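Welcome! Here are a few short exercises, each with a worked solution. Have the structure open and try each task before reading on.

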Amino acid sequence: MAGNSEPLSPRAKLAVTAGKAAAAVSRVAGRGSGSVIGGKVALRFDPDLLARLARHLDVILVSATNGKTTTTRLLAEALRAGGPVVSNALGANMPAGITSALAGGSEARFGVIEVDEKYLAGVARDVAPKAIALLNLSRDQLDRAAETRMLAEKWREGLAGVEAIIIANADDPLITWAASSSPTVVWVAAGQAWKDDAWSCPSCGGVLQRPSEDWFCGECGFRRPTPTWALSGDHVVDPYGSAWPIQLQLPGRANKSNAAMSAAAAAAFGIDPKVALERMYSVQAVAGRYDVVTFQQRELRLLLAKNPAGWLETFSLIDGPPTPVILSVNARGADGTDTSWLWDVDYTRLAGHPIMVIGDRKLDLAVRLEVAGLQFRVCANLDEAVRSAPPGRIEAIANYTAFQDLRRRVGN
Amino acid sequence: MSESSLRLVWVYPDLLSTYGDQGNALVVEHRATQRRVPVSRVDVRSDQPVPTSGDIYLIGGGEDRPQRLAAERLRRDGGLSRAVANGAIVFSVCAGYQILGHEFVNDLGRPEPGLGLLDVVSVRGEGERCVGDVLADIDPQLGLPPLTGFENHQGVTHVGPQARPFARLRMGKGNGTGDGTEGAFNDTVFGTYMHGPVMARNPQIADLLIKLALDVNALPPVDDQWFEALRSERIAASVQPA
């Protein structure tokens with residue numbers, strides 16, 4: 001059992017105190033929760049603080065293009081069956097935010113840490129995690145992010161010397177490539193709907209063959225590893241062949257996949273899958289995602305979709321026609337400033353839904369929907385879109401900053 | 001060339017479809033269908049032969065390694081070069097544009113032969129990556145309104161005497177040569193660095209390709225309300241300081 005048996009050094013204590021003071025100042029100044037500024041100040045006092053804080057914990061890192069915040073929440077709930085958990089549950093997933101979250105959990109046994117894709121290898125070196133869960137990799141913010149396959153390559157190089165157990169999605173060829181140089185991998189058939197970033201073999205560049213659920217390279221023999229865990233419909237199948245029901249309040253196939261990955265990861269910490277999955281039921285909205293709110297006497301479900309893979313999963317979970325759908329897209333810094341990715345999303349999936357479009361880039365959406373042959377209405381803002389929507393609960397799908405705008409407007 | 005239908009070929013979506021350039025195929029299809037021109041679209045994966053009987057070939061942008069793989073496979077296949085010899089129209093973007101030239105620098109830092117269908121040579125830029133909105137005036141010979149798009153590339157492309165620059169820049173880096181040029185074209189082969197995708201921002205380019213392929217001077221007008229609204233917004237945004 002971990003726990004804080006060894007006290008922190010005086011320097012580390014000073015760093016934690018300075019970080020907390022800076023966070024408090026930031027909160028008083030009305031500049032957010034202060035977790036990132038607090039972490040930055042603390043790391044300046046003691047650059048090794050993250051490593052020192054983690055030394056007392058059994059740590060698991062979670063990284064992916066999509067689903068890392070939700071999976072971190074599900075996994076934290078599962079591990080609470082075994083002891084207190086500290087986690088960066090608010091999604092501050094770079095080193096400063098992670099440091100700040102860990103500094104607040106001196107009594108914890110487990111650390112469940114979401115890590116931004118670009119920082120994974122570095123954080124893995126610093127905190128010597130017991131396990132790392134890798135969910136999926138796909139195109140995201142290409143105007144500022146690393147190329148997707150290069151990211152998989154960097155993970156592969158960075159994780160090669162890390163002793164952690166890797167819990168990896170065998171259905172994603174890029175994740176498989178990233179994980180397969182590690183000594184201990186638990187392969188999970190967690191599924192992946194989006195396939196368009198992995199048609200060429202990450203190893204040799206040959207064309208991947210993808211008959212039904214399988215995938216392999218016909219040229220070099222790189223292929224889907226045999227999974228020991230699997231998502232099968234509404235169940236998680238464990239390595240002994242027992243199927244455990246997934247019961248979540250969160251909707252959609254992608255969240256079942258997140259639950260399957262979490263169950264496999266929890267098992268690496270000695271938590272029984274039945275117990276782990278039962279505990280996951282308590283997770284409701286995650287940072288506003290999937291939240292159902294009332295606005296102008298109408299029910300809206302708030303759905304975040306940041307990139308083509310995310311939109312694809314979101315389309316599969318919304319209520320069918322004639323449920324009204326509001327789409328909102330921005331292209332501010334945190335979204336990526338290029339909207340070309342809208343054309344990688346198959347909007348014909350929305351045929352039959354009344355569609356209202358809003359957001360900074362509603363005209364890009366309008367052209368996209370027109371070419372997709374859909375009927376839609378361009379609205380000035382959320383209020384007008386809700387007023388224009390025919391009866392029924394409204395599905396509101398937005399990318400990153402557009403989602404924050406929605407939450408602010410509905411007071412969520 | 002067929003009289004009444006348009007054969008559209010989308011080249012190597014498995015390698016060169018990373019930046020939304022599939023939108024170009026969707027817009028060409030849409031604009032032709034609106035004119036009641038039947039379209040048959042073929043998406044050719046890189047382990048399949050490129051058909052030589054297409055009217056319009058579209059190639060998109062991609063990452064550095066897929067670009068090298070695409071160049072290797074297109075050279076080996078030869079279909080695209082035969083199609084151009086038969087008079088087909090080709091429109092290429094970013095990595096695809098570089099592949100159509102004589103040479104570019106591959107992901108291993110070495111010169112990689114292109115298809116030589118367009119008289120350009122690309123090298124890797126030494127400066128910062130070119131990322132952002134672009135506004136340019138298209139060569140008057142083509143009779144098109146201003147070009148708007150989004151660029152995201154490290155490459156620098158030099159246009160040779162057998163091709164003309166596609167546009168003159170008002171905002172942005174374009175070919176990255178510092179001479180104010182963007183893209184290149186000859187009678188039937190076009191290249192640009194513009195994403196957006198470029199046809200969504202400039203549907204008149206799609207119309208031009210359709211006219212060239214059908215060998216007609218004009219097409220019936222269509223309702224351009226949303227295309228025009230988007231164009232105006234992006235042009236206004238590109239000339240305003242961010």
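**Exercise 1. Find how many residues each chain brings to the contact between chain A and chain B, and how much area is buried there.**

Solution. Keep in mind that this is a predicted model. Start with the residues: chain B gives 34 residues to the contact, and chain A gives 34 residues too. Next comes the area. The size of an interface is often stated as the accessible area that is lost when the parts come together. For chain B and chain A this is about 2900 Å², with 53% of it on carbon and sulfur atoms. Finally, look for the residues of chain B that lose the most area to chain A: they are B:Glu63, B:Arg65 and B:Trp226, which together make up 23% of what that side buries.

**Exercise 2. Count the salt bridges and polar contacts between chain B and chain A, then describe the side of chain B that touches chain A.**

Solution. The count of salt bridges between chain B and chain A is 1. In a salt bridge, the side chains of B:Glu233 and A:Arg361 meet at 3.9 Å, N to O. For polar contacts, the count is 10 residue pairs, both residues being at pLDDT 80 or more. Now turn to the elements of chain B: those giving two or more residues to this side are helix 1 (22-34), helix 2 (64-77), strand 9 (147-153), helix 5 (198-201) and helix 7 (225-239). Helix 7 of chain B supplies the largest share, 6 residues. Sorted by class, the side of chain B that touches chain A holds 13 nonpolar, 10 polar and 11 charged residues.

**Exercise 3. Locate the "binding site" feature that UniProt gives for chain A, and decide whether A:Cys204 and A:Cys217 are buried or partly exposed.**

Solution. The unreviewed UniProt entry places this feature at A:Cys201, A:Cys204, A:Cys217 and A:Cys220. These residues are spread over 20 residues of sequence, yet they cluster in space, with a largest C-alpha distance of 8.5 Å.

Take A:Cys204 now. This residue sits in the loop between strand 6 (185-189) and strand 7 (208-209) of chain A. Its relative accessible area is 30%, so A:Cys204 is partly exposed. Not counting residues up to four places away in sequence, A:Cys204 touches A:Cys217, A:Glu219, A:Cys220 and, from the other chain, B:Arg65.

Then take A:Cys217, which belongs to strand 8 (residues 216-217) of chain A. With a relative accessible area of 3%, A:Cys217 is buried. Leaving aside neighbours within four places in sequence, its contacts include A:Cys201, A:Cys204 and A:Phe222.

Terms used: Residues numbered from 1 in each chain as written. Chains lettered and ligands numbered in written order. Predicted model: local features only at pLDDT ≥ 70, side-chain atom pairs only at ≥ 80, totals over all residues. Heavy atoms only, no water. Contact = heavy atoms within 4.5 Å. Buried area = accessible area lost by both parts, 1.4 Å probe. Salt bridge = Lys/Arg side-chain N within 4 Å of Asp/Glu carboxyl O. Polar contact = N/O pair within 3.5 Å; in protein donor to acceptor, adjacent residues only side chain to side chain. Helix = DSSP H or I, 4+ residues; strand = E, 2+ residues; numbered from the N terminus. Nonpolar A, V, L, I, M, F, W, Y, C, P; charged D, E, K, R; others polar. UniProt positions renumbered as here; feature names shortened; annotations may be inferred. Buried < 20%, exposed > 50% of the residue type's maximum accessible area, 1.4 Å probe, protein only.
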